[in-house]
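Work through the exercises below with the model open beside you. Each task is followed by its solution in steps.

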Amino acid sequence: MRIRRFEEVDAVVVAGIIGRCLRETNSRDYPAEVIERMCAHFTPGRLVELAGLREMRVAPHGTVSRDGNKVYTMFVDPRAAGKGIGRALMAHIEGLAKAEGHAFMETGASITGHGFYRRLGYVDVRESETEFGLNYILRRPLG
Ligand SMILES: CC(C)(COP(=O)(O)OP(=O)(O)OC[C@H]1O[C@@H](n2cnc3c(N)ncnc32)[C@H](O)[C@@H]1OP(=O)(O)O)[C@@H](O)C(=O)NCCC(=O)NCCS
C-alpha cells in the first residue's frame, strides 16, 4: 500500500473521508451536534493548516498524522474499512517515531476508535475530556 505525505491537492478528498467517517461511523457514539462540530472543524483549509503543524500522511482511502510520538486524525473511509488500511497507516507512523528514538507511541482515541487501538496493542493510560467529549489516552511501546 502506498503511503505518502499529504499535499494541498489532497485536502478536499481527505476532508470528504473524515466527514464520511464522522457521519457514518463516529455518529454511533456521539450526538449529532458533536458530529457536526467535528465536521465543521475538519475543513479542507483546516487540514492544510494542520499539515503545516504535524506530519500528515495519506493512503488510498485513509489518513493519519503525528507530532513526534503523538497520533492525530486517524481516519479510514467507511467504504474501505476493515481492509488493514488503519493498521498500515499506524505501522507507518510508528516506524517514523521509532526511527526518531521515541520509546512509545501515544494516541487520543474517540469512543469509536478505542477498540481499534486496543487491537493494535495500545494500552489505556488515562481518560481526558476534550471539546468533543470523552477521549481515551493510550500508549504502545516502540521497542
Ligand atoms: C478506526 C479505524 C481507523 C479503523 O481503520 P480500518 O482500516 O478499518 O482498520 P483495520 O482494517 O486496519 O483494522 C485493524 C484491526 O483492528 C480491528 N478493528 C478495526 N476497527 C475496530 C474497532 N472500532 N473496534 C475494535 N477493533 C477494530 C480490525 O478488526 C483489525 O483486526 P485484525 O487485524 O485482527 O483483523 C476506522 O474504522 C475509522 O476511521 N473509524 C472512524 C474514525 C475513528 O474512530 N478514528 C480513530 C481515531 S479516534
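**Exercise 1. State which residues of helix α4 are buried, and on how many faces of the helix they lie.**

Step 1. Helices (H or I, at least four residues) and strands (E, at least two) are DSSP runs, numbered from the N terminus. Buried means under 20% relative accessible area, exposed over 50%, and partly exposed in between (1.4 Å probe, protein chains only). The buried residues of α4 are Ile 85, Gly 86, Leu 89, Met 90, Ile 93, Glu 94 and Ala 97.

Step 2. Viewed down the axis of α4, these buried residues fall within an arc of 165°, so they line one face of the helix. The arc is that of the directions from the helix axis to the C-beta atoms. An α-helix has 3.6 residues a turn, so residues three or four places apart point the same way.

Step 3. The cover over the buried residues of α4 includes β2 (55-59), β3 (62-67), β4, β5 (104-109), α5 (114-119) and β7 (133-141). Contact means heavy atoms within 4.5 Å.

The model is predicted: local features need pLDDT of at least 70, side-chain atom pairs count only at pLDDT 80 or more, and totals for chains, interfaces and linings use all residues. Residues are numbered from 1 along each chain as its sequence is written, and side-chain values use heavy atoms, with hydrogens and water left out.

**Exercise 2. Compare the span of α4 with the expected one.**

Step 1. Helix α4 (residues 85-99) has 15 residues. The expected span is 1.5 Å times one less than the number of residues.

Step 2. From its first C-alpha to its last, α4 reaches 21 Å, close to the 21 Å expected.

Step 3. Just after α4, Gly 101 takes a positive phi of about 95°.

**Exercise 3. Describe the surroundings of Leu 89.**

Step 1. Leu 89 is found in helix α4 and counts as buried, at 0% relative accessibility.

Step 2. Not counting residues up to four places away in sequence, Leu 89 touches Ile 3, Val 58, Ala 59, Gly 62, Thr 63, Val 64, Met 74 and Val 76.

**Exercise 4. Find the buried side of helix α2 and place Met 38.**

Step 1. In α2 (residues 32-41), Val 34, Ile 35, Met 38 and Cys 39 are buried. They cover an arc of only 140° around the axis, which puts them on the same side of α2.

Step 2. The buried residues of α2 pack against α1 (11-25). The face turned away from the buried side carries the exposed residues Ala 32 and Ala 40.

Step 3. Met 38 has a relative accessible area of 8%. Leaving aside neighbours within four places in sequence, Met 38 is in contact with Leu 22, Tyr 30 and Phe 132.

**Exercise 5. Is Thr 73 buried or exposed, and what is the sign of its phi?**

Step 1. Thr 73 lies in strand β4 and counts as buried, at 13% relative accessibility.

Step 2. The phi of Thr 73 is positive, about 40°, although Thr 73 is not a glycine. Most residues other than glycine have a negative phi.

Step 3. His 61 also has a positive phi, near 75°. His 61 is found in the loop between β2 and β3 and is partly exposed, with a relative accessible area of 44%.
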